[in-house]
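Colleague: Can you walk me through this one before I set anything up?

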Amino acid sequence: MKTTLFLLVPVALAFSLPVHAAGNAEAGKAKSTACAACHGADGNSTVPSFPRLAGQNRDYLYHSLKDYKAGKRKNPIMAGQVQNLSDADMLDLAMYFSKQKGLQLKY
């Protein structure tokens with residue numbers, strides 16, 4: 001019985017983690033109001049010194065937020081903004097901005 005349980009727990013976790021790791025775009029939209037001041041309401045900043053977040057890769061956005069929080073990326077404004085964000089908050093924000101229509105590249 002213990003062996004079966006020992007084997008089933010990792011399998012159950014493996015199936016549940018991707019759902020959480022994806023983030024929730026609707027929750028991210030609700031959490032994005034503080035971001036709008038610099039990055040625009042939908043992540044399309046009109047100020048050249050503030051990057052556009054719309055359409056960026058979700059994983060890139062998520063890891064960037066984590067790096068600001070950990071101090072690996074240095075920016076005093078962003079450090080203050082991410083200080084109280086949970087991991088779920090960062091995933092939600094990353095998912096929301098990644099789903100927005102961003103800068104279009106023409107080839």
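What follows is a short back-and-forth about the core, the pocket and the salt bridges.

Modeller: Ground rules: this is a predicted model, where local features need pLDDT of at least 70, side-chain atom pairs count only at pLDDT 80 or more, and totals for chains, interfaces and linings use all residues. Residues are numbered from 1 along each chain as its sequence is written, and side-chain values use heavy atoms, with hydrogens and water left out.

Colleague: Which element gives the largest share of the largest nonpolar core?

Modeller: By nonpolar core I mean buried Ala, Val, Leu, Ile, Met, Phe, Trp, Tyr and Cys residues joined through side-chain atoms within 4.5 Å, buried being under 20% relative accessible area, exposed over 50% and partly exposed in between, with a 1.4 Å probe on protein chains only. This core has 15 residues, with L65, V82, L93 and F97 having the most contacts inside it. Two or more residues each come from α4 (58-70), α5 (76-82) and α6 (87-99), helices being DSSP runs of H or I, at least four residues, numbered from the N terminus. The largest share, six residues, is from α6.

Colleague: And the largest pocket: which element gives the most to its lining?

Modeller: A pocket here is an open set of points on a 1 Å grid over the protein atoms alone, where a 1.4 Å probe fits, with protein on both sides within 12 Å along at least five of seven lines; lining residues have an atom within 4 Å of a point. The largest one holds about 560 Å³, and of its 26 lining residues H39, L53, L65, Y68 and M78 are the closest to its centre. α3, α4, α5 and α6 each supply at least two lining residues. With five residues, the most comes from α4.

Colleague: Which residues are linked with K31 in a network of salt bridges?

Modeller: A salt bridge needs a side-chain nitrogen of Lys or Arg within 4 Å of a carboxyl oxygen of Asp or Glu. K31 pairs with D89, with the closest N and O atoms 2.8 Å apart, and D92 pairs with K31 at 2.5 Å. D92 is in helix α6 and K31 in helix α2, so that pair ties together parts 61 residues apart in sequence. The residues networked with K31 are D89 and D92.

Colleague: Is D92 buried or exposed?

Modeller: Its partner K31 is partly exposed, at 30% relative accessible area. D92 has only 8% relative accessibility, so D92 counts as buried.

Definitions and conventions
Points joined across faces, edges and corners; volume = space filled by probe spheres on them.
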